[in-house]
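Me: Can you walk me through this one? I'd like to know what to trust before I look at side chains.

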Amino acid sequence: MMTVNLPANKETQSKTNGLTTELRIRKQTRNGRRPEVATTAAAPGFKGEGQKRNGRRTDAAEDGDGDRAASRSWHWWTALLILTGASFATRLYKIEEPDHICWDETHFGKFGSWYINRTFFFDVHPPLGKMLIGLFGVLTGYDGTFPFLKPGDKYGDAEYVGMRVCCVVLEIGRASCRERV
């Protein structure tokens, strides 16, 4: 907050019963609120708003609002961690079920297998997501031999869970970062 000290004249300063009233103009904040004009009263010797402490001017924003902002930041991070943990828990619960190909796994699993086997193919969509699915498959032991022909085919001995976990991690990371940016 920016405080502007105006010169003492009849409009800006009056002394009544030992109280000093000052006119302060606040700079427009980043969240779009209109500039406000506020008056403050301080008794002599009172180390509150509008008084000097250790040779410098103090404001309410410096005294108390900073602590509240830090507290709000701490609460925000705590809530984010709790929601992210809950997101992982609910999405990873029984991720190995069903043990057959589900809907888009037909396409994404096939593309991941082709990347693992270094097989050339053409796809009109950007490859990063399918490359990451292939990478997670390799990191979790999938060898790229399952054919991914149609939904409903049983996986059998194929290591498919890593590719599903990849999708969960990428989605939760995207959702968490999207709100913060």
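Reply: One term to begin with: buried means under 20% relative accessible area, exposed means over 50%, and partly exposed is in between (1.4 Å probe, protein chains only). This is a predicted model, where local features need pLDDT of at least 70, side-chain atom pairs count only at pLDDT 80 or more, and totals for chains, interfaces and linings use all residues. Residues are numbered from 1 along each chain as its sequence is written, and side-chain values use heavy atoms, with hydrogens and water left out.

Me: What does the secondary structure of the protein chain come to?

Reply: Four helices and five strands. Helices (H or I, at least four residues) and strands (E, at least two) are DSSP runs, numbered from the N terminus. The order from the N terminus on is β-β-β-β-β-α-α-α-α. Buried residues make up 22% of the 181 residues.

Me: What is the mean pLDDT of the protein chain?

Reply: It is 74, and 59% of the residues reach 70 or more. pLDDT is the predictor's confidence in each residue, from 0 to 100.

Me: Which elements have the lowest and the highest mean pLDDT?

Reply: Strand E2 (residues 19–25) has the lowest, 42, and H2 the highest, 93. Over residues 11–30 pLDDT stays under 50, though the model has 52 contacts beyond four places in sequence for them. Contact means heavy atoms within 4.5 Å. Where pLDDT is low, the predicted coordinates should not be read in detail.

Me: OK, on to H3. Which residues are buried there?

Reply: Lys130, Ile133, Gly134 and Gly137 are buried in H3. Seen down the axis of H3, these buried residues fall within an arc of 100°, so they line one face of the helix. The arc is that of the directions from the helix axis to the C-beta atoms. On the other side of H3, Leu128 and Leu139 are exposed.

Me: How far does H3 reach from its first C-alpha to its last?

Reply: 16 Å for twelve residues, close to the 16 Å expected at 1.5 Å a residue. The expected span is 1.5 Å times one less than the number of residues. Just after H3, Gly141 takes a positive phi of about 100°.

Me: Back to that lysine. Why does Lys130 count as buried?

Reply: Because its relative accessible area is 5%. The Lys130 side chain makes a polar contact of 2.7 Å with the side chain of Asp123. A polar contact is a pair of N or O atoms within 3.5 Å; within protein, one must be able to donate a hydrogen and the other to accept it, and residues adjacent in sequence count only if both atoms are side-chain atoms. Not counting residues up to four places away in sequence, Lys130 touches Phe108, Phe111, Gly112, Tyr115, Asp123 and His125.

Me: And Lys110, where does that one lie?

Reply: Lys110 lies in helix H2 (residues 105–116). Lys110 is partly exposed, with a relative accessible area of 22%. Leaving aside neighbours within four places in sequence, Lys110 is in contact with Glu105, Pro147 and Phe148.

Me: Which residues does Phe148 touch?

Reply: Not counting residues up to four places away in sequence, Phe148 touches Ile101, Glu105, Thr106, Gly109, Lys110, Ser113, Tyr142, Tyr155 and Met163. Phe148 is in the loop between H3 and helix H4 (161–180), and counts as buried at 1% relative accessibility. Phe148 also belongs to the largest nonpolar core, which has eleven residues, among them Ile133, Tyr160 and Cys166. A nonpolar core is a set of buried Ala, Val, Leu, Ile, Met, Phe, Trp, Tyr and Cys residues joined through side-chain atoms within 4.5 Å.

Me: Which backbone oddities should I look at?

Reply: Phe148 has a positive phi of about 50° although it is not a glycine. Arg118, in the loop between H2 and H3, has a positive phi near 55°. Arg118 is exposed, with a relative accessible area of 79%. The peptide bond from Glu97 to Pro98 is cis, with omega near -5°. Most residues other than glycine have a negative phi, and most peptide bonds are trans.

Me: Last one: is Asp153 buried or exposed?

Reply: Buried, with a relative accessible area of 18%. Asp153 lies in the loop between H3 and H4. A polar contact of 2.8 Å joins the side chains of Asp153 and Lys150.
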